Amino acid sequence: MTRRPFRVLFLCTGNSARSQMAEALLNWKGKGRFEAESAGSRPASRVNPLAIETLRQYDVPWRGRAPRGSDGLEREPWDFVITVCDRAKESCPIFPGQPMLAHWGMPDPAEVDGDDVTKRAAFRDAFLLISRRIDLLLALPLEQLEQMAVQARIRAIGDP
C-alpha cells in the first residue's frame, strides 16, 4: 500500500523568503514523498526577488506562489508544521489533528543591510541552511518511527 505524501507547512512572518525557499526545496528534494506549502502571519506584498534568484541559481523549481496568510490553514490536515522565524513561532496558530511542530529559526536574509553582494550572500546562506535541514528531514525513517521520536528528531534539526 502506498502512503500519501507527508504534508508540511512552513510558517514565517512575511512568507517572502525563508518559508518560500523551504517550500520549494522540500517539494523538489522530497520527490513526491512530501507536499510542502508555506504561509506567513503577516504576509508581504510579494516574494523577495533575491529568494527567487537564489532558488534559480541552484536550479530549484519555484511555482510562483504569492505570499499568503495562515488564516484557514489550521483547518487543513498537516503532518508537520515548521516555523522558520521566531516571530512566527510566537504567533503560530493552533492546529488540530496534532501535527508535529518544530522550530527551525534562522536570521531573515531580507532584513540584511548592505550592498547587493552582502544581500545575495545572506540569501545564499539561508538557502544552504534550509537545504541542510531538509536533507536531515529527508534522511529520517519517518514511516518507521513513532510520532514522539519523529517530533524530537525534527525539532533537533533546528537546534543550533
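**Note on a predicted α/β model**

1. In this predicted model, W62 is partly exposed, its relative accessible area being 26%, a value that falls in between the limits of under 20% for buried and over 50% for exposed. W62 belongs to the loop between α2 and β3. Once residues up to four places away in sequence are set aside, W62 touches Q20, A24, V47, I52 and L55. A second tryptophan, W28, stands 34 residues from W62 in sequence, and the two C-alpha atoms are 8.9 Å apart in space.

2. Two of the residues touched by W62, namely I52 and L55, also appear among the buried residues of helix α2 (residues 49-57), which are L50, A51, I52, T54 and L55. These buried residues of α2 pack against two other helices, α1 (18-29) and α4. At the N-terminal end of α2 the cap is provided by N48, which places a side-chain oxygen 2.8 Å from the backbone nitrogen of L50. L50 therefore has two entries in the description of this helix, as a buried residue with under 20% relative accessible area and as the residue whose backbone nitrogen is approached by the cap.

3. What follows α2 in the chain? The helix is followed by D59, whose phi is positive, near 55°, and D59 is a residue other than glycine. D59 is placed in the loop between α2 and β3, the loop that also holds W62. With a relative accessible area of 62%, D59 is exposed, whereas W62 is partly exposed at 26%.

4. A positive phi in a residue other than glycine is also found at K31, where the angle is near 45°. K31 sits in the loop between α1 and β2 (34-40), and at 73% relative accessibility K31 counts as exposed. A reviewer may wish to look at K31 and D59 together, since each is described by a positive phi and each is exposed.

5. For the fold as a whole, the protein contains five helices and four strands, and reading along the sequence gives the pattern β-α-β-α-β-α-β-α-α. Its radius of gyration is 15 Å, close to the 15 Å that the globule rule gives for 160 residues, so the protein is as compact as a globular protein of that length. The C-alpha trace spans about 50 × 30 × 30 Å along its principal axes. Of the contacts with a separation of 6 or more, 72% are between residues 24 or more positions apart, and buried residues make up 46% of the 160 residues.

6. Strand β3 (residues 80-83) contains V81, which is buried with a relative accessible area of 1%. V81 and V8 are 73 residues apart along the chain, and yet their C-alpha atoms are separated by 5.8 Å.

7. Helix α5 (residues 147-157) contains I154, which is buried, again with a relative accessible area of 1%. Which residues does I154 contact, leaving aside its neighbours within four places in sequence? They are F80, I82, A102, W104, L137, L140 and L142. F80 and I82 are placed by their numbers within β3 (residues 80-83), A102 falls within β4 (100-103), and L137 falls within α4 (116-139). By way of contrast, I154 and E37 are 117 residues apart in sequence and 17 Å apart in space, C-alpha to C-alpha.

8. D108 is placed in the loop between β4 (100-103) and α4 (116-139). Is this acidic side chain's residue buried or exposed? At 18% relative accessibility, D108 counts as buried, the limit for that class being under 20%. The side chain of D108 reaches the backbone nitrogen of A110 at 2.9 Å. Apart from its neighbours within four places in sequence, D108 is in contact with A17 and R18, and R18 is a residue of α1 (18-29).

9. As to the surface and the charges, the protein exposes about 8,600 Å², and carbon and sulfur atoms supply 52% of this area. There are 23 positive and 21 negative side chains, and the centres of the two sets lie 2 Å apart.

Note on methods:
Residues are numbered from 1 along each chain as its sequence is written. This is a predicted model: local features need pLDDT of at least 70, side-chain atom pairs count only at pLDDT 80 or more; totals for chains, interfaces and linings use all residues. Side-chain values use heavy atoms; hydrogens and water are left out. The radius of gyration is taken over C-alpha atoms; the globule rule is 2.2 Å times the number of residues to the power 0.38. Buried means under 20% relative accessible area, exposed over 50%, partly exposed in between (1.4 Å probe, protein chains only). Contact means heavy atoms within 4.5 Å. Accessible areas come from the Shrake-Rupley method with a 1.4 Å probe; for residues, only the protein chains shown count as cover. Lys and Arg count as positive and Asp and Glu as negative; His and the chain ends are not counted. The place of a charge is taken as NZ of Lys, CZ of Arg, CG of Asp or CD of Glu. A polar contact is a pair of N or O atoms within 3.5 Å; within protein, one must be able to donate a hydrogen and the other to accept it, and residues adjacent in sequence count only if both atoms are side-chain atoms.
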